[in-house]
Amino acid sequence: MLKIYHKHFHHVRIVSLVAGLALIGTLAQAQTPDLSRKVTVIYSGATLEKVLQDLTQRYDIRFSYNPNNLPVDMKIEYSAREKALEDVIEDIFQQAGIQYSLVSGYLVLKTKNVGIEAEKPSRPEMYTLSGIIADSLSREVLIGAAVYIKETGTGALSNHYGFFSITQPAGVYTFEISYLGYSLQSRTLVLHGNATWNVNLNPIPFSVKQIIVSAVNKEEVLSNTRAAQSNIEAKAIQRHVAALGETDMLKSLDLQPGISFQSDGSSYFYVRGGNRDQNLILLDEAPIYNPSHLLGLFTPIIPEAVKHTEIYKADFPIQYGGRLSSIMDIRTCDGNMQRFSANVNVGLVSTRISLEGPLKKDASSCFLSIRRSTFGYFVKLLDPKVEDFHFTDLTTKFNVKLGKRDRLFLTFFSGRDVFLNKPAEVRNGLEWFNNALTLRWNHVYGNRLFSNTTFYSSKYDYSLYTNYDEKIGWNSDITSSNLKSEFIWYCNSRHKINFGINLGVYFFNPGNYKSPEGTYGNMRVSEVNSGEIVLYAGYNQKLTDWLTVNYGLRFSDWSNYGEAFSIVYDELYNPVSYNEYSKNERYYSKSMPEPRISLSLRTGHMSYIKASYNRTIQHINQINNSISPLNSLEVWLPSGPNIKPQSAHIINLGYIKIWPEKAVDISADVYYKKMNNQIGYTYHAEMLLNPYLEGEIRQGDGEAYGFEIMLKKTQGKITGQFGYAFTRSFLKIDGLNNNRRYSSHQDKPLDFSLSVDYKVKPRWMLNLNIVYTSGMVLSTPTGFYYYRGKQVPFYAWQNNDRLPDYRRIDLGSVWRLNRKEERFEHYITLSIYNLFAAKNYAFLNFNKIKDEEGKFYVPADTYIMDEQIVSYRYIYSMIPSITYSLKF
């Protein structure tokens with residue numbers, strides 16, 4: 001195996017016409033080279049001239065060419081193992097823009113499309129350079145890497161599968177490839193034909209005190225960043241201080257302005273004043289309907305399995321829809337194609353193990369990450385009636401290269417909770433799970449058309465057992481399966497078209513009491529089967545060097561099918577008739593367009609204004625009137641005869657500015673969101689085992705508006721971010737609050753966050769998090785009256801009060817135990833969640849409370865009538881934790 005390292009050669013060879021004629025005279029005596037033999041070569045920064053000399057010396061190949069017409073000083077980056085010599089030559093010559101012909105045993109070389117008699121075209125020929133950008137050590141594809149052409153100032157970004165395509169007139173160009181945390185790679189190419197360049201970038205070691213990020217990267221990333229888009233770094237997630245040391249990707253979102261959680265211990269989060277079911281969480285494109293463990297204390301996304309996360313709060317990409325408030329696109333690790341590695345984390349709550357490695361080097365890989373909770377053993381010791389109390393997670397992925405133009409990905413995800421109790425002879429308890437499967441096929445047609453075809457399926461199932469052994473209990477579930485095909489056509493460097501189709505089928509069980517014999521008929525709630533067809537197309541057009549417009553249209557068609565039944569209600573929501581539908585009979589259909597447009601205006605160096613308008617439609621609804629922060633008894637129902645589809649008009653105006661020399665970013669957004677057919681519930685609604693469940697639902701309008709600011713420092717010994725958001729959210733639901741407008745639960749006028757990382761030493765890092773937000777809106781009595789000797793609360797207004805403000809300070813420390821950076825690394829993480837033990841209330845109760853001595857907390861006439869007093873409950877106090885991590 002030969003390695004040729006980068007050198008500068010200043011040798012110019014001049015071949016005279018006489019020498020050329022003499023060479024031609026000897027062609028007849030040359031032997032034909034064996035181009036079918038298998039060879040192994042590695043060229044890293046070698047000139048084309050040196051590569052030709054090496055091929056001649058090692059494999060006795062004779063070349064004939066005029067060095068004045070070939071890019072002999074071009075640097076070649078290429079490697080191949082046990083590959084046919086003919087294919088090796090084709091790959092190298094394609095990279096250099098060279099074509100050859102075999103004449104009497106010699107390979108005669110010339111640049112493509114260059115001939116003495118060729119006529120000069122009236123317009124320059126356009127050619128495309130395309131390829132995959134990946135990590136050089138693991139071959140993980142890099143999402144959002146920047147490709148920049150120095151001569152023209154144009155560029156492109158790699159897509160979610162690392163693919164890029166850029167089209168230019170024929171000529172000589174210097175291409176620069178850059179990505180945050182990786183060394184910039186530059187190459188001069190002669191673009192005289194369509195070419196492929198697969199780029200492997202070298203990661204910068206963690207020990208480097210300051211990573212200089214290419215200004216080229218930042219400019220291209222800024223130009224393509226959407227309004228209100230946030231990218232979450234996987235390594236930053238793993239440094240985030242979390243309750244009980246259980247690092248959590250979703251819970252780390254409380255540091256993003258405009259995203260807030262209901263309370264401590266809750267996985268419910270709200271985005272820009274929207275409801276909790278208006279956020280779409282995608283894991284390798286499959287939806288996760290209930291991201292919770294232990295009723296919301298933790299979430300099932302294993303942090304080591306996450307490669308890249310993008311969050312859109314406005315200006316949704318044209319391929320995404322189905323929710324009103326946000327899209328969270330989580331991409332998992334592909335698996336290392338070069339070597340085997342492992343990651344082990346042992347904490348107070350769980351143990352996590354991640355394994356990855358090649359199935360066939362440079363051709364296929366596998367990634368596996370598992371987690372199992374451990375604290376359940378202690379719970380069983382404290383309470384012998386508890387038989388099982390645990391949660392488990394599994395994320396696995398297979399990544400296979402089928403050829404130069406095809407790639408296959410298979411992802412499986414599972415998260416499960418079990419809580420079983422045996423108070424007597426019969427075991428009861430809770431059990432729920434999320435499962436998701438994704439199969440994706442990437443294909444490149446030519447150099448400009450990229451396609452991704454995906455089949456994905458997802459299921460959320462929740463059971464409340466009264467008899468676990470007999471499987472008798474209340475059960476709710478939602479299942480979806482989709483087939484999607486999307487295309488990206490890179491017309492040229494200024495025009496790009498996205499288009500595709502998504503076909504989906506859904507099953508909804510909104511909660512029934514079941515046994516092995518079937519559903520209890522007297523309390524049966526109708527199950528629903530649904531189908532969806534989505535067509536979309538979007539056009540990205542760079543009108544000038546300072547203005548880019550992106551516009552498109554989604555069209556969705558939703559239908560419900562039998563076997564099912566529905567209730568018809570009058571204007572007062574009284575049931576008046578009953579309709580029953582046979583299997584596959586369509587009884588509801590709704591088609592709706594979703595136009596979208598956005599503008600990106602460059603106002604100066606590293607400075608952009610972003611404006612966008614979106615219309616979004618949501619057919620899938622979570623039906624739950626509880627304001628408890630803990631997940632419980634959730635049901636899902638689609639739009640139908642009694643539930644209108646939710647919709648929203650979202651307007652966003654943002655500004656982004658970067659100072660690369662100071663490594664400082666700032667972004668600011670103002671927005672307005674008008675929402676229709678928002679869901680509310682009649683007072684004292686019966687939500688469990690109610691065949692008339694849809695009659696308890698009320699719908700109306702909502703609006704949310706506000707602004708957000710985020711300031712980041714991304715390099716140096718001290719890095720971090722500051723965020724502030726002002727969010728107002730209001731609802732006006734028919735029949736509620738006397739038909740007057742009222743604040744929604746997710747109304748947050750104050751949302752402040754600060755996160756700081758301080759690199760004390762190369763092996764030691766400190767982390768500080770501060771979060772302060774407005775308390776959750778809720779309803780409290782405006783007065784009391786007495787009825788038959790009992791005090792009864794009176795409510796005049798809905799959502800007229802708030803819980804006290806939420807505040808929390810976290811402190812963490814990460815210490816690398818090994819002195820030198822090497823393949824084997826281990827860390828100790830110490831953290832204190834809620835450092836000052838702030839009492840962040842999650843529950844408010846009105847009741848009469850006695851202390852241990854049987855005395856009431858406040859004076860009351862205990863002999864005449866009961867009086868209610870206010871009590872608060874919180875979930876977390878100060879929580880110290882320790883975690884050990886091992887990587888090898």
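**Exercise 1. Helix packing**

Determine how helix α2 (residues 48–59) and helix α3 (residues 85–96) are oriented towards each other in this predicted model, and which residues meet between them.

*Solution.*
1. Two packed helices are described by the angle between their axes and the distance between the axes.
2. Here the axes of α2 and α3 come within 12 Å and cross at roughly 170 degrees.
3. Angles over 145 degrees count as roughly antiparallel; α2 and α3 are therefore roughly antiparallel to each other.
4. The crossing in which α2 passes α3 is left-handed.
5. On the α2 side, the contact is made by Leu48, Val51, Leu52, Leu55 and Tyr59; they meet Leu85, Ile92, Phe93 and Ala96 of α3.
6. Sorted by class, this contact of α2 with α3 has nine nonpolar residues, no polar ones and no charged ones.

**Exercise 2. Cysteines**

State how many disulfides the structure holds, and classify cysteine 333 and cysteine 366 as buried or exposed.

*Solution.*
1. The number of disulfides is zero.
2. Buried means under 20% relative accessible area.
3. Cysteine 333 has a relative accessible area of 12%, so this residue is buried.
4. Cysteine 366 has a value of 18% and is therefore buried.

**Exercise 3. The surroundings of tyrosine 655**

Locate tyrosine 655 in the secondary structure, classify its exposure and list its contacts beyond four places in sequence.

*Solution.*
1. Tyrosine 655 lies in strand β40 (residues 646–659).
2. Its relative accessible area is 35%, so tyrosine 655 is partly exposed.
3. Leaving aside neighbours within four places in sequence, tyrosine 655 contacts Thr603, Ser607, Tyr608, Ile609, Ile666, Ser667 and Ala668.
4. Leucine 601 is 54 residues apart from tyrosine 655 along the chain, and their C-alpha atoms are separated by 9.5 Å.

Terms used. Residues numbered from 1 in each chain as written. Predicted model: local features only at pLDDT ≥ 70, side-chain atom pairs only at ≥ 80, totals over all residues. Heavy atoms only, no water. Axes fitted to C-alpha atoms, helices over the stretch in contact; angles between N-to-C directions. Helix = DSSP H or I, 4+ residues; strand = E, 2+ residues; numbered from the N terminus. Parallel < 35°, antiparallel > 145°, perpendicular 65-115°, else oblique. Left-handed = near helix turned anticlockwise from the far one by under 90°. Contact = heavy atoms within 4.5 Å. Nonpolar A, V, L, I, M, F, W, Y, C, P; charged D, E, K, R; others polar. Disulfide = S-S within 2.5 Å. Buried < 20%, exposed > 50% of the residue type's maximum accessible area, 1.4 Å probe, protein only.
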